[in-house]
Amino acid sequence: CLWREASCLMNAAIKELKTHLHNLAKFSESQIQRNRADTEKQQKGETRASQAKCAKLQQELQQLRAQLNALIAENRESELNLRKKKYKVEMEIENWIQKYDTEMIEKQEIEEIEVVYTVEKEQLAELREKYALLEKEYSQIEEERRVKREQWEKAEKELAILVRAATLIQALWKGYLVRSLLRSKRKKKGKGKKGGRK
């Protein structure tokens with residue numbers, strides 16, 4: 001009898017557990033369906049939100065791409081301008097370098113010319129000193145020549161005067177002698193004529 005009771009109790013407990021399991025399974029299934037419905041609903045909402053977000057992100061992406069393209073174009077233009085400026089600056093630098101080289105060569109030539117000029121200036125100073133000495137000597141020589149010339153001219157004049165005086169004296173003397181001779185001849189002739197008449 002105990003065993004029957006125990007068996008009945010066991011059967012009742014098993015039945016109760018089966019009912020409980022059946023209820024639990026129903027509850028679980030309805031919970032699962034509810035969860036699925038909620039999940040699907042949430043998934044649909046999230047999908048819509050995600051699609052909206054994707055559309056928004058796509059729009060932002062397009063805007064950003066447009067901005068990027070604009071920036072690339074602007075940067076290309078800026079780079080082109082900078083390249084032109086760089087080329088211009090490089091050309092200016094090249095020109096300045098060439099100008100500097102030319103000026104340095106000219107400066108070097110000027111320095112060489114200045115060295116030559118200094119040497120020639122010193123030589124000119126020496127030559128001027130020598131010329132001054134030579135000019136002084138030449139002036140002295142010319143002065144001596146002038147004095148000698150004047151003395152010679154004076155002596156020539158004096159000699160000419162003396163020669164002329166001597167010539168005059170000789171002429172006068174010859175004239176005197178001739179006249180004296182002529183007188184003495186006349187006197188002799190005159191004496192001879194007088195003696196003949198007697």
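The legends below describe close-up views of a predicted model.

**View 1. Two segments of the chain carry a coiled-coil annotation from a record.** In an unreviewed entry, UniProt lists residues 47–81 and residues 110–158 under the name "coiled-coil region". In the predicted model, residues 47–81 are 100% helix and 0% strand, and the C-alpha atoms at the two ends of this segment stand 49 Å apart. Residues 110–158 are likewise 100% helix and 0% strand, and here the end C-alpha atoms are separated by 67 Å.

**View 2. Glutamate side chains gather in a patch of negative charge.** On the surface, the patch of negative charge is made up of Glu103, Glu106, Glu109, Glu111, Glu112 and Glu114. One of these residues, Glu103, belongs to helix α1, which runs over residues 2–197. Glu103 has a relative accessible area of 42% and is therefore classed as partly exposed, since that class lies between the limits of 20% for buried and 50% for exposed.

**View 3. Arg145 and Glu142 are paired along helix α1.** A search of the whole structure gives 5 salt bridges, and one of them joins the side chains of Arg145 and Glu142, with an N to O distance of 3.4 Å. The two residues are 3 residues apart in helix α1, which means that about one helical turn separates Arg145 from Glu142. Both partners have some access to the surface: Arg145 is partly exposed at 48% relative accessibility, and Glu142 is also partly exposed, at 27%.

**View 4. Arg146 takes part in a network of salt bridges with two glutamates.** Glu143, Arg146 and Glu150 are linked through salt bridges into a network. On one side, the side chains of Glu143 and Arg146 meet with an N to O distance of 2.3 Å, and because these residues are 3 residues apart in helix α1, about one helical turn lies between Glu143 and Arg146. In the other salt bridge of this network, the closest N and O atoms of Arg146 and Glu150 are 2.4 Å apart; here the spacing in helix α1 is 4 residues, so that Arg146 and Glu150 are again separated by about one helical turn. Arg146, the residue shared by both pairs, is partly exposed with a relative accessible area of 32%. Its two partners fall in the partly exposed class as well, with Glu143 at 38% relative accessibility and Glu150 at 41%.

**View 5. Nonpolar side chains form a patch on the surface.** Leu21, Leu24 and Phe27 make up this nonpolar patch, and together they have about 310 Å² of accessible area. Leu21, one of the three residues named for the patch, is found in helix α1. At 54% relative accessibility, Leu21 counts as exposed, because the exposed class begins over 50%.

**View 6. Lys188 and Ser30 are set apart along the chain and in space.** Lys188 lies in helix α1 and, with a relative accessibility of 63%, counts as exposed. Lys188 and Ser30 are 158 residues apart along the chain, and in the predicted model their C-alpha atoms are separated by 218 Å.

Methods:
Residues are numbered from 1 along each chain as its sequence is written. This is a predicted model: local features need pLDDT of at least 70, side-chain atom pairs count only at pLDDT 80 or more; totals for chains, interfaces and linings use all residues. Side-chain values use heavy atoms; hydrogens and water are left out. UniProt positions are given in the numbering used here, feature names are shortened, and annotations may be inferred rather than shown by experiment. Patches are made of residues with over 30% relative accessible area and no salt bridge: like charges are joined within 9 Å, nonpolar side chains (Val, Leu, Ile, Met, Phe, Trp, Tyr) within 5 Å. Accessible areas come from the Shrake-Rupley method with a 1.4 Å probe; for residues, only the protein chains shown count as cover. A salt bridge is a side-chain nitrogen of Lys or Arg within 4 Å of a carboxyl oxygen of Asp or Glu. Lys and Arg count as positive and Asp and Glu as negative; His and the chain ends are not counted. The place of a charge is taken as NZ of Lys, CZ of Arg, CG of Asp or CD of Glu. Buried means under 20% relative accessible area, exposed over 50%, partly exposed in between (1.4 Å probe, protein chains only).
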